[in-house]
Amino acid sequence: MRAAGRTIGVPGVLLVLAGGVLALLSFRLLHWYDVRAGQDSSGDVTFPKLRASADQLDGAGVAAAYFGWLAWLLLLAGIVLGVGANVPSPIADPLRVTGFVVGLVGAGGTLLALQQHFHAAASRHGILHNASWGLWAALAGFALIAVGSVLGPRRRRTTTPLGGTPQ
C-alpha cells in the first residue's frame, strides 16, 4: 500500500507481531527456569511463579512491578508502537524511535527485574543459571519488537536542484 510517499512495512510488522507472540508465550506458557528435582521446592519456574515470589520478597520493587503489570504494559506498548511505526503516517518516524526504545526497555527491564528478584531472594546463582525457553523467548520477543519498529518505512526525501523543481 502507498500513502504519502511511503508503503506499509510488512517485514517490520511481521517482526513486531512475531516478537509479541514470543513474549506472550513466555508470559503465559513457557518455563523461565528449569530446576532439577530436589534442588528447589518450587520446581520449574514460570512467569506467574516469579510474580508470586516477587510479591513476597522485600526489596523486589522493580521485579514486583515487572512481573505484576509492567511487562504486560511494555509488551502492549511495543506492539502498538511497532505496528504504528510500520504504517504510513506523519508520526511514523517518532513511533519507530519510540518502539525501538520500548523494545530495548522491555529486554533490559526483564534482566533488571530478574537481577533484583535474585538479589532479594539471596540466590547464589546468576540470572541465566538454569534459564529456559520462557526467559529466552521474552528477551527475543522484546528484541524483535525493537528491530521490527526500526524497520518502519522512512519518508522519501525530495531533492531540489538549484533553481529547479523538486524531483
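The bend of a helix at a given residue is the angle between two fitted axes, one through the seven residues ending there and one through the seven starting there. In the predicted model described here, helix 3 bends by about 60° at Phe67. The end-to-end span of helix 3 was also examined: its 25 residues place the end C-alpha atoms only 32 Å apart, short of the 36 Å that a straight helix would reach at 1.5 Å a residue.

The chain that holds this helix contains 5 helices and 4 strands. Read from the N terminus, the order of these elements is β-β-α-β-β-α-α-α-α. Of its 167 residues, 37% count as buried. Among contacts between residues at least 6 apart in sequence, 75% join residues at least 24 apart.

The buried residues of helix 3 are Ala63, Ala65, Tyr66, Phe67, Ala71, Leu74, Leu75, Gly78, Leu81, Gly82, Gly84 and Ala85. Phe67, where the bend of about 60° is located, is thus listed among the buried positions. The cover over these buried residues includes helix 1 (10-28), strand 3 (31-33), helix 2, helix 4 (92-120) and helix 5 (133-150).

The packing of helix 2 on helix 3 was examined further. Two packed helices are described by the angle between their axes and the distance between the axes. The axes of helix 2 (residues 47-56) and helix 3 (residues 61-85) come within 7 Å and cross at roughly 135°. Helix 2 is therefore oblique to helix 3. On the side of helix 2, the contact involves Phe47, Leu50, Arg51, Ala54 and Asp55, which meet Ala63, Ala64, Tyr66, Phe67, Gly68, Ala71 and Trp72 of helix 3. By class, this contact comprises 9 nonpolar residues, 1 polar residue and 2 charged residues.

Ala85 also belongs to helix 3. Because its relative accessibility is 0%, Ala85 counts as buried. Leaving aside residues up to four places away in sequence, Ala85 touches Ala92, Leu95, Arg96, Ser149, Gly152 and Pro153. One of these partners, Leu95, is separated from Ala85 by 10 residues in sequence and by 4.8 Å in space, C-alpha to C-alpha.

A further buried position occurs in strand 4 (residues 45-46), which includes Thr46. The relative accessibility of Thr46 is 18%, so Thr46 counts as buried, the cut-off being under 20%. With residues up to four places away in sequence excluded, Thr46 touches Leu30, His31 and Trp32.

Technical notes. Residues are numbered from 1 along each chain as its sequence is written. This is a predicted model: local features need pLDDT of at least 70, side-chain atom pairs count only at pLDDT 80 or more; totals for chains, interfaces and linings use all residues. Side-chain values use heavy atoms; hydrogens and water are left out. Axes are lines fitted to C-alpha atoms, for helices over the stretch in contact, and angles run from 0 to 180 degrees between N-to-C directions. Helices (H or I, at least four residues) and strands (E, at least two) are DSSP runs, numbered from the N terminus. Angles under 35 degrees count as roughly parallel, over 145 as roughly antiparallel, 65 to 115 as roughly perpendicular and the rest as oblique. Contact means heavy atoms within 4.5 Å. Ala, Val, Leu, Ile, Met, Phe, Trp, Tyr, Cys and Pro count as nonpolar, Asp, Glu, Lys and Arg as charged, and the others, Gly among them, as polar. Buried means under 20% relative accessible area, exposed over 50%, partly exposed in between (1.4 Å probe, protein chains only). The expected span of a helix is 1.5 Å times one less than its number of residues.
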